[in-house]
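Here are my notes for your next look at the model, set out as numbered points. Keep the structure open beside you as you read.

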Amino acid sequence: MRTQVAIIGAGPAGLLLGQLLHKNGIDNVIVERHTGEYVLGRVRAGVIEQVTMDLLDEAGVGERMHRDGLIHDGVQICVDGKRHHLSFKELTGKSVMVYGQTEITKDLMDGRAAVGAPTLYAAYDVALHDIHGGKPRVTFRKDGSTHEIECDFIAGCDGFHGISRKSVPPSAISNYERVYPLGWLGILSETPPVSEELIYVRHPRGFALCSMRSPTRSRYYIQCSLADDIESWPDERFWEELRPRLDDEAREALVTGPSIEKSIAPLRSFVAEPMRFGRLFLAGDAAHIVPPTGAKGLNLAASDVQYLARGLIEHYRDKSDSGLEHYSERALLRVWKAERFSWWMTTMLHRISDNPFDYQLQLADLDYLFRSKAAATAFAENYVGLPY
Ligand code: APR
Ligand code: PHB
């Protein structure tokens with residue numbers, strides 16, 4: 001097979017890139033290890049920045065998002081049982097959209113199928129070749145035989161555990177990492193959300209987050225130990241741990257019910273530099289991971305894709321490689337700001353150490369956030385998404 005851009009991975013990064021390239025007449029093939037159903041089965045976060053909404057619209061897949069998504073003009077932060085409101089709208093004039101990543105992935109898959117662009121699911125043993133040569137290739141096994149795609153460029157959109165970053169010689173890549181000694185235990189429940197806006201909770205028992213997917217479906221998280229397993233967390237124990245962390249009003253309003261999904265996610269900050277190696281470009285979780293506290297994972301994947309798509313369009317349409325040459329540097333500038341914001345929110349809201357000094361620092365940070373317009377504006381600017 002021959003194409004212009006071979007994309008590894010049919011997550012939000014790969015699918016969004018494929019859509020933007022197709023819209024600009026650039027041939028591309030997506031190679032995905034799992035089936036489409038499996039990819040759609042993964043429950044992920046769901047807060048979208050304005051710039052990401054605009055990109056999904058540009059890709060022609062924003063209709064359902066605008067119809068079913070929930071616009072949020074602000075967020076609530078509950079500290080030791082006292083709730084504080086921060087209005088992004090007042091502080092920045094911008095809002096965010098709450099719309100599940102699973103729904104976005106579905107919209108992107110439907111959009112791709114509608115334009116007949118090729119996605120090869122259940123492709124195993126994907127391998128990258130000659131990423132520094134003139135004619136990079138991707139090989140994989142599917143339906144019992146080996147296949148090869150010849151291309152001009154490879155986009156590694158295969159997530160943290162993918163093959164793309166692993167195909168780069170260790171000497172050519174710098175890894176930056178911070179692993180947090182805790183996880184997020186999350187549940188999905190067919191219960192009405194406890195509040196119209198998200199509630200981030202800082203509490204001596206640990207962090208919690210009250211989020212939603214729709215007016216009838218809620219998503220809750222509590223901080224847990226990495227040693228924990230799902231079996232040791234029956235639904236009732238989850239609600240018993242969540243309730244006392246909330247303020248009185250939320251505790252009153254909390255509707256509990258059986259979980260329809262339950263999972264534990266470790267918290268990690270990770271960046272690989274650079275994000276380009278010859279004809280291979282990394283985008284999304286393949287190059288960086290943020291703890292979910294700042295809701296930046298999906299938005300950073302979209303940000304990378306925006307820079308990469310512009311660079312590839314410029315290459316084919318204007319015969320200029322300036323966008324591709326600056327891809328890594330431009331994407332990393334935004335990545336590190338989101339890494340800093342996500343690390344800051346994580347250290348400010350979680351019970352990471354039992355040192356009372358850290359506890360007091362958190363309270364001072366939060367009190368400054370609630371009393372200083374400058375601090376609240378900085379928070380809001382980062383949360384709604386910094387401009388590209
Ligand atoms: N070969 C082919 N496909 C692969 C391989 C491989 N060796 N390894 C992984 N993949 C596929 C995965 O099955 C997955 O569908 O690559 C895709 C990567 O998708 P994501 O992990 O969702 O990563 P990305 O598209 O960058 O999206 C980032 O996802 O995890 C969230 O918080 C994160 O919101 C962020 C978003
Ligand atoms: C979610 O809705 O799943 C969610 C929202 C905000 C976060 C993380 C997850 O920071």
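1. Let's start with Arg213 and ligand 2. In this predicted model, an N or O atom in the side chain of Arg213 sits 2.7 Å from an oxygen atom of ligand 2. Ser211 also reaches the ligand through its side chain, with a polar atom 2.6 Å from an oxygen atom of ligand 2. Thr293 takes part through its backbone instead: a polar atom there is 3.2 Å from an oxygen atom of ligand 2.

2. How much of ligand 2 does the protein cover? On its own, ligand 2 has 280 Å² of accessible area, and the protein covers 100% of it. The surroundings consist of 14 residues, and the closest are Tyr200, Ser211, Arg213, Tyr221 and Pro292. Do look at Tyr221 again when you reach the cores, as it is also listed in the core of 31 residues.

3. Now for ligand 1, which has 24 residues around it. Glu32, Arg42, Gln101, Asp285 and Leu298 are the closest. The side chain of Glu32 places a polar atom 2.6 Å from an oxygen atom of ligand 1. Two backbones can be added to that picture: a polar backbone atom of Asp285 is 2.9 Å from an oxygen atom of the ligand, and one of Pro12 is 3.3 Å from an oxygen atom of the ligand. The protein covers 89% of the 710 Å² of accessible area that ligand 1 has on its own.

4. Which elements give two or more residues to the shell around ligand 1? They are helix H1, residues 12-23, and helix H9, residues 297-318. H9 gives the most, with three residues. By residue class, the shell holds ten nonpolar, eight polar and six charged residues.

5. Helix H9 is worth following further, as it also provides the largest share of the largest nonpolar core, eleven residues. That core has 74 residues in total, and Val5, Leu16 and Leu17 have the most contacts inside it. As general background, nonpolar side chains in soluble globular proteins tend to be buried together. Another core lies apart from this one; it has 31 residues, including Trp184, Tyr221, Met348 and Tyr383.

6. Val5 is a good place to see what the big core brings together. Beyond its neighbours within four places in sequence, Val5 is in contact with Leu21, Ile26, Asp27, Asn28, Val29, Phe153, Ala155, Leu312 and Tyr316. Leu312, in helix H9, has a matching list: leaving out neighbours within four places, it contacts Val5, Leu17, Leu21, Ile26, Phe153 and Leu324. Leu312 and Phe153 are 159 residues apart in sequence, yet their C-alpha atoms are 9.0 Å apart in space. Leu312 counts as buried because its relative accessible area is 1%, under the 20% cut-off.

7. Is Gln306 buried or exposed? This residue, also found in H9, is buried, with a relative accessible area of 7%. Not counting residues up to four places away in sequence, Gln306 touches Leu55 and Tyr388. Leu55 belongs to helix H3, residues 50-58, whose buried residues are Val51, Thr52, Met53, Leu55 and Leu56. Just after H3 comes Gly60, with a positive phi of about 80°.

8. A few backbone details deserve a careful check by eye. Glu273 and Pro274 are joined by a cis peptide bond, with omega about -10°. Pro274 lies in the loop between strand S17 (259-273) and strand S18 (276-277).

9. Two residues other than glycine have positive phi values that I would look at side by side: Asp125, with phi near 45°, and Ala295, with phi near 55°. Asp125 is in strand S9, residues 124-129, whereas Ala295 is in the loop between strand S20 (288-289) and H9. Asp125 is classed as exposed because its relative accessible area is 57%, over the 50% cut-off. Ala295 is classed as buried because its value is 11%, under the 20% cut-off.

How values were computed
Residues numbered from 1 in each chain as written. Chains lettered and ligands numbered in written order. Predicted model: local features only at pLDDT ≥ 70, side-chain atom pairs only at ≥ 80, totals over all residues. Heavy atoms only, no water. Near = heavy atom within 4 Å. Polar contact = N/O pair within 3.5 Å; in protein donor to acceptor, adjacent residues only side chain to side chain. Areas by Shrake-Rupley, 256 points an atom, 1.4 Å probe, with all protein chains shown as cover. Helix = DSSP H or I, 4+ residues; strand = E, 2+ residues; numbered from the N terminus. Nonpolar A, V, L, I, M, F, W, Y, C, P; charged D, E, K, R; others polar. Core = buried A, V, L, I, M, F, W, Y, C linked by side-chain atoms within 4.5 Å. Buried < 20%, exposed > 50% of the residue type's maximum accessible area, 1.4 Å probe, protein only. Contact = heavy atoms within 4.5 Å.
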